[in-house]
Amino acid sequence: MPTGANNKKKYTYVWVSAIILVFGTFAVYEITKRVKGGTIVENDRMSVASVEQQVGFVINEGKKRQVPEFSFMNQDSVLVTNKDYLGKVYVVEFFFTTCPTICPIMTKNLLELQKTFKDDADFGVASFTINPRYDTPSVLKKYAEKYGIVDKDWHLLTGDQKEIYTLAQEGFYIVANEVEDAPGGFEHSGMFALVDKNGYIRSRQDKFGNPLIYYRGTITEKEGVNAEGEAQQITLLKEDIKKLLAE
């Protein structure tokens, strides 16, 4: 083969090698940059993850379960009803201010949600006291000030005890009872319910396809897992709130 042809071929190899080197170096640089920025794991997880779980409706007797009508006074002595939450995604809890066990942890988790969604006007919380005889609006106001509850759509609600218990037990299927030998004198669930903008109770499914319905409110994200081996679900709750806000 003529010398000119050999030189031409040699230069072609050189250029190809240079191109591979440049783009290979660029690729390594980009990957390194993503690793340093903490994004490559996140992107990789998104690319290999299964189809994103939807926040489905909770079905009861063939119908979507909807929050019943309610009307109670909040910590500012303002009447608040279920209609005030329409157009908002909100979390529901049943608690009492003198609770010596799980309520402070639940409040801490709700404060974390308040922090996460502080700039979203369509997020709210409904905290129903199960000890309304003691938890008057003024008591609830002090509780809010003590814990730093500042979201205008986080209402601490009080009223007729029977109505509150009916709402808990028949509306949300959440435990709420006055029990003399229970800590603080009341028995209640440490679960949160999630409600969409139209007043429907929403939930993702577990790995077996069953609706979670509620989210554990008694384990913090930092704690991760409790002594019984149950995992925190605040991270799941945050994710699902974001999904519903985007609907």
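The expected span of a helix, as I shall use the phrase, is 1.5 Å times one less than its number of residues. Helices (H or I, at least four residues) and strands (E, at least two) are DSSP runs, numbered from the N terminus. With that in hand, α6 has 12 residues and reaches 16 Å from its first C-alpha to its last, close to the 16 Å expected at 1.5 Å a residue.

Before going further, the usual caveats. This is a predicted model, in which local features need pLDDT of at least 70 and side-chain atom pairs count only at pLDDT 80 or more, while totals for chains, interfaces and linings use all residues. Residues are numbered from 1 along each chain as its sequence is written, and side-chain values use heavy atoms, with hydrogens and water left out.

For the chain as a whole, the secondary structure comes to six helices and 13 strands. Of its 247 residues, 39% count as buried, where buried means under 20% relative accessible area, exposed means over 50%, and partly exposed lies in between, with a 1.4 Å probe and protein chains only. Taking contact to mean heavy atoms within 4.5 Å, among contacts between residues at least 6 apart in sequence, 70% join residues at least 24 apart.

Let me return to α6, in which Ile 234, Leu 237, Lys 238, Asp 240, Ile 241, Leu 244 and Leu 245 are buried. What covers these buried residues includes β6, α3, β7 (123-129), β11 (191-195), β12 (201-203) and β13 (214-216).

Of those elements, take α3. Helix α3 (residues 103-116) and helix α6 (residues 234-245) pack at an angle of about 35°, with their axes 11 Å apart; axes here are lines fitted to C-alpha atoms, for helices over the stretch in contact, and angles run from 0 to 180 degrees between N-to-C directions. The contact is made by Asn 109, Glu 112, Leu 113 and Thr 116 of α3, and by Ile 234, Leu 237, Lys 238 and Ile 241 of α6.

Ile 241 also appears in the core. The largest nonpolar core has 54 residues, and those with the most contacts inside it are Phe 94, Phe 128, Phe 172 and Ile 241; such a core is a set of buried Ala, Val, Leu, Ile, Met, Phe, Trp, Tyr and Cys residues joined through side-chain atoms within 4.5 Å. Its largest share, six residues, comes from strand β6 (residues 89-95). Leaving aside neighbours within four places in sequence, Phe 94 is in contact with ten residues' worth of surroundings that include Met 106, Phe 128, Ile 130, Phe 172 and His 188.Now to backbone geometry, where most residues other than glycine have a negative phi. Ser 77, although not a glycine, has a positive phi of about 60°, and its place is in the loop between β4 (71-73) and β5 (79-81). Tyr 173 likewise has a positive phi, near 60°, and is found in the loop between α5 (161-171) and β9 (176-178). Ser 77 is partly exposed, with a relative accessible area of 45%, and Tyr 173 is partly exposed, at 43%.

Finally, what does Val 78 touch, not counting residues up to four places away in sequence? Val 78, in the loop between β4 and β5, touches Phe 72 and Met 73.
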